[in-house]
Amino acid sequence: MDLEALYRDLHSHPELAFTEHRTAGIVAGHLADLGLEVHTGIATTGVVGVLRNGAGPTVLLRADMDALPVREQTGLPWASTATVVDEHGDAVPLMHACGHDIHVTCLLGAVEALAAARAEWSGTLVALFQPAEEQGGGAQVMVEDGLYERIPVPDIVLGQHVVPHPAGMVGAHPGAALAAVDTMEVTLHGRGGHGSQPETTIDPVVMAAATVMRLQTVVSREVSPKDTAVVTVGSLHAGTKNNIIAAEATLGISVRSFDEGVRQRVLAGVDRIIAAESQASGAPTAPEMEWGERYPVTMNDPEATARVNAAFAAAFGEEHVLSPGALSGSEDVGNLATAAGAPLVYWLLGGSDPEAVRAAVAAGTVDRDIPTNHSPFFAPLPQPTIDTGVRALVVAAREWLRSSSDGPAAEHS
Ligand SMILES: [Zn+2]
Ligand SMILES: [Zn+2]
C-alpha cells in the first residue's frame, strides 16, 4: 500500500461526521484485500476488520474518520477544496483539520504489516474505523448499534491522536489523559421590541453579555487552584438588526474537566448562573438548555500504559517517547473500552516539523507559530509521522498479540 498517496487522497476528500461514505469505502476495500473479515455500516459509516489468527488475546486498534467544517489554508498541493451544503443551503468548507486522515492511514498500514507478519503472532486483531468523533459521539453510537455482538470483544483497546509535537515522537499519559467535555446550547428568553424603547422589552443581549462574563467566574472563583477546568462560550447569537431588540439569545458552551467532583461542581455553577442571570433580567420564561456532546475523561490504564510506553522506548529509543501530560482536549475512544470492560491506552503521535518546533520553542512563539489541531493551517508532516504511527500501532498491538512460538505475550528483547 502506498500510504503517503493514500493519506494525500484522504486529506483532499474530507467528510463530516456520519457521512464518511467515501472514506469507509476505501477502508473496507483495503481490509478485504488484506484478507480480513469486514463489517460495514455500523453506526452508518463505521467499518471494522477482524483478523482471527489463532488462540490469544483480542486487540482492538481504533482510528476515527471524520473531518471538520474548516476552510483549509495550508497551501499544500493536496489541500482540501471540498465543501458540503448545509441545511440552510450554504456551502460549508471541509478540512481534515484534526488529522483523522493520518489516523486512518496509519491503521491501514498497521493492519497491512500485522497481516503480512501473521506467522509471528497469534490472537485476534480488530481494526475499528469510527465515524463522528468530532460531533455525534460515534463510538457510543457504534456500541449501541450492536458493535460487540458483531465482532469479538477486545481485551485491550489501543489508539492514537496526531498532535503538534515533533514528528517522530510518540507517548501516552497514564491515568486521566484527556478531559471530559460537556457541551450545551442555551436559549435565553427576553422580550423583543423597538431599539428606541428598551423599557418595553427585556433585552436578551444584555442578559447574554452578563451571563458570559459571570460564567468566567466559575473556574476562577469556584474551582480550587489545584484542580483544572475550562468553561468556554464558543458561540453567541442574538438579533438581526441594530434598531431591533431581539426576543432571545443562544449560547454554545463547552465545559472541560478531569475529575468527576470538579465536573459536577462546574456544571452546577454554570446552571445556577444561567438561571440567575435570566431571573436578574426579569426574563418572562426560564432559559432552556439542550445537551450536546458529553464525553467522559479519557482514562488510560496505568499498567497497560507503562507497558506500551516501555515498548515504544524499546522500538523508537527513549528520546522519542513523549510524556505529554494531561490534555484539555476530549475524545470518545474511552466508550469503546468501557463497553468492552477492557483497559485503554490512547497515545499521542507527533506530527509537526521538528525543526520548526525547536525554533518556536527557542523563540517562545510555539502558540503563534505551530498550528494546533482544528487550525486551518494544521498540516502534519506526512513523514516521519505516518511511519511512526504505523509502527507505534504494531508495536503496541504486539505487546498483547502472543508470539506464535508459544505461551506468554511477546516481550521485547
Ligand atoms: Zn478534533
Ligand atoms: Zn481529533
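Reader: Why is D182 called buried?

Author: Buried means under 20% relative accessible area, exposed over 50%, and partly exposed in between, using a 1.4 Å probe and protein chains only. D182 has a relative accessible area of 0%. That is under the 20% cut-off, so D182 is buried.

Reader: What kind of model is this, and how are its parts labelled?

Author: This is a predicted model, in which local features need pLDDT of at least 70 and side-chain atom pairs count only at pLDDT 80 or more, while totals for chains, interfaces and linings use all residues. Residues are numbered from 1 along each chain as its sequence is written, chains are lettered from A and ligands numbered from 1 in the order in which they are written, and side-chain values use heavy atoms, with hydrogens and water left out.

Reader: What makes the contact of R294 and D182 a salt bridge?

Author: The rule asks for a side-chain nitrogen of Lys or Arg within 4 Å of a carboxyl oxygen of Asp or Glu. Here the N to O distance is 2.7 Å. That is within 4 Å, so R294 and D182 form a salt bridge. The pair links distant parts of the chain, with R294 in strand β15 (residues 288–295) and D182 in strand β10 (residues 180–189), 112 residues apart. Strands are DSSP runs of E with at least two residues, helices are runs of H or I with at least four, and both are numbered from the N terminus.

Reader: Why is R294 called partly exposed?

Author: R294 has a relative accessible area of 38%. That value falls between the two cut-offs, so R294 is partly exposed.

Reader: How many salt bridges are there by this rule?

Author: The count comes to 14. One of them joins E222 and R272, with the closest N and O atoms 2.7 Å apart. E222 is in helix α6 (residues 204–222) and R272 in helix α7 (residues 260–280), 50 residues apart. R272 has 45% relative accessibility, so it counts as partly exposed. R62, D64, E331 and D332 are linked in a network of salt bridges.

Reader: How do you know that R358 and E355 form a salt bridge?

Author: Their closest N and O atoms are 2.6 Å apart. This passes the distance test, so the pair qualifies. Both residues lie in helix α10 (residues 354–363), three residues apart, about one turn of the helix. R358 has a relative accessible area of 52%, so it is exposed.

Reader: What makes C98 a donor of the zinc ion (ligand 1)?

Author: Donors are N, O and S atoms within 2.8 Å of the metal (3.2 Å for Na, K and Ca), and sites may look incomplete because water is not among the atoms. The protein donors here are C98 (SG), E134 (OE), E134 (OE) and H374 (NE2), lying 2.0 to 2.8 Å from the zinc ion (ligand 1). The C98 SG atom is within the limit, so it counts.

Reader: Why is the arrangement around the zinc ion (ligand 1) called irregular?

Author: Four donors count as tetrahedral if all angles lie between 85 and 135 degrees. Four count as square planar and six as octahedral if opposite donors are over 155 degrees apart and all others between 65 and 115, and anything else is irregular. The four donor atoms here subtend angles of 51 to 147°, so the arrangement is irregular.

Reader: What does C98 bridge?

Author: C98 bridges the zinc ion (ligand 1) and the zinc ion (ligand 2), which lie 3.1 Å apart. The zinc ion (ligand 2) is coordinated by C98 (SG), H100 (NE2) and H161 (NE2), at 2.1 to 2.4 Å. In sequence these donor residues are spaced C-x1-H-x60-H.

Reader: Why do C98 and H374 get their accessibility labels?

Author: C98 has 8% relative accessibility, so it counts as buried. H374 has 38%, so it counts as partly exposed.

Reader: What makes the phi of A132 worth noting?

Author: A132 has a positive phi of about 55° although it is not a glycine. A132 lies in the loop between β6 (121–130) and α4 (138–144). With a relative accessible area of 0%, A132 is buried. F18 also has a positive phi, about 65°, and is not a glycine.
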